[in-house]
Amino acid sequence: MSQNVANVITEKPTKFRWVVAGLIFLVYTVAAADRANIGIALPFIRKEFHMSNTEAGGLVSLFLLAYAIAQMPSGFAYSKFGVRRIFSFAMIVTSIFTGLIGSSSSPLMMKIYRFGLGLAEGPLPIGITSTINNWFPPREKGFATGIFLSAAKFGPVLVPPLCALIIQQSSWHYIFYWFALPGIFLSIIWYVLVKNHPSESPHCSLTEVKYIESEQLSQKAMVQKRPYSLKWLDQLIRARKADPLDTNARVFRSWDIWGSTLAYFFVLGIVNVLLAWIPTYLINVKHFTIMKMGFVASAPWVGAVIGNLVGGWFSDKVLNKRRKPLMMMTSLSTTFMMYALTNAPNDPIFLGSLLFLTGILLNVGFSAYMVYPMGLTTKKTFPIASSIINTGGQLGGACAPLITGMILDAYSWDAVFMFLAASSFISLLVVLTITEPVENPLNI
């Protein structure tokens with residue numbers, strides 16, 4: 001037996017992709033915290049700079065506008081140069097602008113630094129979804145994306161109590177100084193450990209690389225797996241076998257891509273309104289103390305972590321990689337939850353429970369928007385498709401907080417929640433128009 005053959009036989013299988021998943025969770029928890037801390041600081045920033053609701057909403061939206069602008073260039077850059085260097089650089093610059101926000105001495109400086117933060121952080125989600133697409137086999141991509149999007153919600157879980165404690169001890173400026181530090185450290189770790197492809201990593205065994213690159217389940221796994229038989233669901237979601245969108249031109253011509261983009265526009269708008277405005281709502285409307293606000297404001301994001309993980313696992317394992325059903329469920333249930341918030345209780349326990357349930361339902365289908373284009377595209381065209389969907393989502397995220405500020409200056413919080421309910425229902429109608437790309441649909 002030759003030495004090379006012996007090495008292959010004796011090689012221990014690795015699971016380094018889950019180390020990558022863990023690092024994704026840590027990196028994006030920090031990134032999400034860097035963008036979410038403005039919501040806790042906003043009441044104090046408004047007081048210091050004498051801002052109206054509309055001006056405060058505009059400050060939040062400015063970050064998201066820059067974030068949206070960065071999506072398409074990031075997709076093309078990742079497609080051409082790979083993830084590793086661009087992602088690490090973006091994370092470092094994100095940390096720098098986070099710290100600079102704390103040094104703002106005027107509304108203009110605050111706006112400039114928030115815009116810079118949006119441009120810096122914009123490449124991160126496309127880099128992570130591209131990493132997931134390269135580092136995980138199809139049957140694990142939904143769960144891996146759930147981990148990523150759980151990090152996007154776990155950051156806001158940590159932000160309210162930490163920020164409340166910092167404000168109690170010093171001032172809102174120090175929120176941004178402290179939050180700037182972890183990202184620099186993690187960007188270095190990412191650059192060292194995460195290669196563009198698992199085949200380039202010294203930490204990945206040949207067995208793991210082959211497993212990641214496999215496109216079908218082994219015969220043994222097929223026998224053990226419970227067969228998928230929900231024919232009625234495939235008919236409802238219009239499941240079909242689709243030819244891969246193997247060129248950028250085909251990606252740009254696909255209604256499935258643009259339809260999911262439009263639906264994500266409304267869904268992410270709701271998420272960003274809750275992220276930016278709920279702390280203000282709890283302080284100004286419910287009259288909670290800063291610490292009580294900190295814990296209640298975390299409730300929807302604790303639910304969001306659970307919703308993302310459960311949704312990713314359920315679409316992979318139970319729905320056999322069908323993404324559209326949970327997208328529909330999120331839109332329909334969130335419509336009712338936004339209406340329910342018009343009668344939100346004043347008791348922090350009951351209100352926290354309502355926000356917790358809202359977070360679960362809003363996010364059980366949230367990760368599907370990131371995974372959905374993986375079933376339509378090739379690995380080469382995926383970054384472009386992902387950047388289109390994320391651009392649309394971030395534009396929705398930019399519009400909704402500003403519109404919320406304008407509604408609050410003219411009407412009330414009940415009008416805000418009805419606006420969010422209508423947005424969620426529109427997203428449901430749009431999702432109904434797209435198809436579900438699957439390998440073996442049951443209705444044909």
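Visitor: How many aromatic pairs does a search of the whole structure find?

Guide: In this predicted model, a search of the whole structure finds 18 aromatic pairs.

Visitor: What makes Phe25 and Phe154 an aromatic pair, and why is the pair called tilted?

Guide: Their ring centres lie 5.4 Å apart, and the limit for a pair is 6.5 Å, so the two rings count as a pair. The planes meet at 35°, which is neither under 30 degrees, as stacking asks, nor over 60, as edge-to-face asks, and therefore the pair is called tilted.

Visitor: How do you know that this pair links distant parts of the chain?

Guide: Phe25 belongs to helix α2 (residues 16–49) and Phe154 to helix α8 (residues 138–169), and the two residues are 129 residues apart.

Visitor: Why are Phe25 and Phe154 described as partly exposed?

Guide: The relative accessible area is 22% for Phe25 and 28% for Phe154. Buried would need a value under 20%, and exposed a value over 50%, so Phe25 and Phe154 are both placed in between.

Visitor: Why is the pair of Phe49 and Trp172 called edge-to-face?

Guide: The angle between the planes of Phe49 and Trp172 is 75°, and anything over 60 degrees counts as edge-to-face, so the name follows once the centres, 6.3 Å apart, are seen to lie within 6.5 Å. This pair, too, links distant parts of the chain, since Phe49 is in helix α2 and Trp172 is in the loop between α8 and α9, 123 residues apart.

Visitor: What makes Phe49 and Trp172 count as buried?

Guide: Phe49 has a relative accessible area of 12% and Trp172 one of 4%; the cut-off is 20%, and therefore Phe49 and Trp172 are both called buried.

Visitor: Which residue lies over the face of Tyr191, and at what distance from the ring centre?

Guide: Arg84 does, at 4.0 Å from the ring centre. In another such arrangement, the charged end of Lys292 sits over the ring of Phe288, 5.8 Å from its centre, a value that falls within the 6 Å limit.

Visitor: What is the area buried between domain 1 and domain 2?

Guide: The domain assignment gives domain 1 as 14–217 and domain 2 as 228–443, and the area buried between them is about 4600 Å², with 68% of it coming from carbon and sulfur atoms. On the side of domain 1, Asn53, Asn133 and Lys153 lose the most area to domain 2, together 13% of what that side buries.

Visitor: How many salt bridges are counted between domain 1 and domain 2?

Guide: The count between the two domains is zero.

Terms used: Residues are numbered from 1 along each chain as its sequence is written. This is a predicted model: local features need pLDDT of at least 70, side-chain atom pairs count only at pLDDT 80 or more; totals for chains, interfaces and linings use all residues. Side-chain values use heavy atoms; hydrogens and water are left out. Rings of Phe, Tyr and Trp (its six-membered ring) pair if their centres lie within 6.5 Å; planes under 30 degrees apart count as stacked, over 60 as edge-to-face and the rest as tilted. Helices (H or I, at least four residues) and strands (E, at least two) are DSSP runs, numbered from the N terminus. Buried means under 20% relative accessible area, exposed over 50%, partly exposed in between (1.4 Å probe, protein chains only). A charge sits over a ring if NZ of Lys or CZ of Arg is within 6 Å of the ring centre and within 35 degrees of the ring normal. Domain bounds come from an automatic or database domain assignment. Buried area is the accessible area (1.4 Å probe) that two parts lose on being put together, summed over both. A salt bridge is a side-chain nitrogen of Lys or Arg within 4 Å of a carboxyl oxygen of Asp or Glu.
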